[in-house]
Amino acid sequence: MMALRWGIVTAGKISHDFVNAFNTYPNKGDQVIVAVAARDKSRAADFAKTHNIAKVFDTYQDLAASNDIDIAYIGALNPDHYDLSKLFLESGKHVLCEKPLCLNYKQAESLINLARKKKLFLMEAVWSRFSPAYIALEKELNAGKLGDVQFLEVNFGVPIHNVDRLAKKELGGSAVLDIGLYTLQLAQYVFKDEPIKVTAVGELNENGVDIVDTIILQYTGGRRAVLNVHSRVKLWNKATVVGTAGRITLEDPFHFPDKLIHVDGKIEEFPLHTSNLPYNFANSAGLVYQAVEVARCIKEGLIESPRMSHQDSLILAKLEDTVRKQVGVHFDVDSKDYS
């Protein structure tokens, strides 16, 4: 099998971090980044120079039509996820799309149906799922080290309420879609069920975008998750999983932690590889682990990852829709239907 060839769609901050993590990781296997496209070609050219990428395409359509790539990494703003993912899937390319997969459930379902129809790999880039610390947590849970898991508390707060991508509705702004998603996916990862009740309260800015959310998820058997999402202040961004036999803590930043505290109090560290180029976001070196998983899945002929499946993305989208509805955030696309 030839090397898996990646095309990078957009040249923004998260794309920089993904490519930086990818290029500097020594154990990524037989895969390579070969092309980039952005709306501003000069920006794409600068990006290619920074990251030593061979080809720059004038448009996303040209990149999608090209025979030079097998898979697209889509690092665009939230409102563009659906259309860009659809473009590349319809052009016969696999897709790894940044989270949230889409703005709502209807878009996500449409995209997943298309990927299944075309027999192409599609995954929402919930990179947390591939963290060595998350895998260690899962092993502890499966081994019954916590006993009967009853409670999860997660806090995620960073002062980004004035950042356009979160603050403006036309850019798909929403605290629950930007950082709250990480708290929701962890609840899903721990409890493996859909909640039987969702209760959310929030605060909206002048654009009708949620900037603070508190979410309570209730599950069968009295299990519960309490999730605090805040875009005005920095919280202690850790997650604690509590069972009848003790607790496990994913230390700050819980969404890709380099430290886990086991039931017995032992601290386990998970160092990340280093790079000469700086990152834009915390622990972004870990973005490469999802690329390793994508390559493994495609090599094995899978169209989804068992660690972040299509069903996982659909449940996540449904939860995000429910939270937005309860706190009063409506996007124009919520009124549209998707085939």
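1. Start with helix α6. Residues 132-142 form this helix, which lies across β7 (149-157), β11 (239-243), β12 (246-250), β13 and β14. Its direction runs at about 170 degrees to β12. The model is predicted, and what follows should be read that way.

2. The sheet under α6 comes next. It is open, has 8 strands and mixed pairing, and follows the order β8-β9-β10-β7-β11-β12-β13-β14. Its edges are β8 (197-204) and β14 (267-269), each paired on one side only. From one strand to the next the twist averages 10 degrees.

3. One edge can be checked by register. Strand β13 (residues 259-261) and β14 run antiparallel and are joined by 3 bridges. Lys259 has Glu269 of β14 as its bridge partner. Helix α10 also packs on this sheet, where it touches β8 and β9 (210-218). The direction of α10 makes about 55 degrees with that of β8.

4. Now the other sheet. It is open too, with 6 strands in the order β3-β2-β1-β4-β5-β6 and parallel pairing. The edge strands are β3 (55-57) and β6 (122-125), and each pairs on one side only. Neighbouring strands are turned by 25 degrees against each other on average, direction ignored.

5. Two pairings in the 6-stranded sheet give its register. β1 and β2 run parallel, joined by 6 bridges. Gly7 stands opposite Ala35 in β2. Strand β5 (residues 94-98) pairs with β6 over 4 bridges, in the parallel sense. There, Cys97 has Glu124 of β6 as its bridge partner. Helix α1 (residues 13-24) packs on this sheet and touches β1 (4-9), β2 (31-37), β4 (71-74) and β5. The direction of α1 makes about 155 degrees with that of β1. β1 itself is mostly covered, with 5 of its 6 residues buried.

6. Which residues does Tyr73 contact beyond its neighbours within four places in sequence? They are Trp6, Gly7, Ile8, Val9, Ile14, Ser15, Phe18, Leu96 and Glu98. Tyr73 lies in strand β4. Its relative accessible area is 0%, and the cut-off for buried is under 20%, so Tyr73 counts as buried. The Tyr73 side chain still makes a polar contact, at 2.6 Å, with the side chain of Glu98. Ile33 is 40 residues from Tyr73 in sequence, and their C-alpha atoms are 9.7 Å apart.

7. His94 deserves a separate look. This residue sits in strand β5. Is His94 buried or exposed? With a relative accessible area of 15%, His94 is buried. A polar atom of the His94 side chain lies 2.9 Å from the backbone nitrogen of Phe121. Apart from neighbours within four places in sequence, the contacts of His94 are Asp70, Ile71, Ala72, Leu120, Phe121 and Ile298.

8. Helix α5 (residues 105-118) passes a length check. At 1.5 Å a residue, its 14 residues should span 20 Å, and its end C-alpha atoms are 20 Å apart, so the two agree. At the start of α5, a side-chain oxygen of Asn104 reaches to within 3.3 Å of the backbone nitrogen of Lys106. After α5 comes Lys119, which has a positive phi, near 55 degrees.

9. What covers the buried residues of α5? The cover includes α4 (81-90), β6 and α10 (310-327). The buried residues in α5 are Gln107, Ala108, Ser110, Leu111, Ile112, Leu114 and Ala115. Helix α10 thus appears twice in this note: in the cover of α5, and on the 8-stranded sheet, where it touches β8 and β9.

10. Last, the chain as a whole. It has 10 helices and 14 strands. For 339 residues, a compact globule would have a radius of gyration near 20 Å; the chain has 19 Å, so the value agrees. Along the principal axes, the C-alpha atoms fill a box of roughly 55 × 45 × 35 Å. Buried residues make up 55% of the 339. Among contacts with a separation of 6 or more, 69% are between residues 24 or more positions apart.

Note on methods:
Residues numbered from 1 in each chain as written. Predicted model: local features only at pLDDT ≥ 70, side-chain atom pairs only at ≥ 80, totals over all residues. Heavy atoms only, no water. Pairing = 2+ DSSP bridges. Axes fitted to C-alpha atoms, helices over the stretch in contact; angles between N-to-C directions. Contact = heavy atoms within 4.5 Å. Expected span 1.5 Å × (residues − 1). Buried < 20%, exposed > 50% of the residue type's maximum accessible area, 1.4 Å probe, protein only. Polar contact = N/O pair within 3.5 Å; in protein donor to acceptor, adjacent residues only side chain to side chain. Rg over C-alpha atoms; globule rule 2.2 N^0.38 Å.
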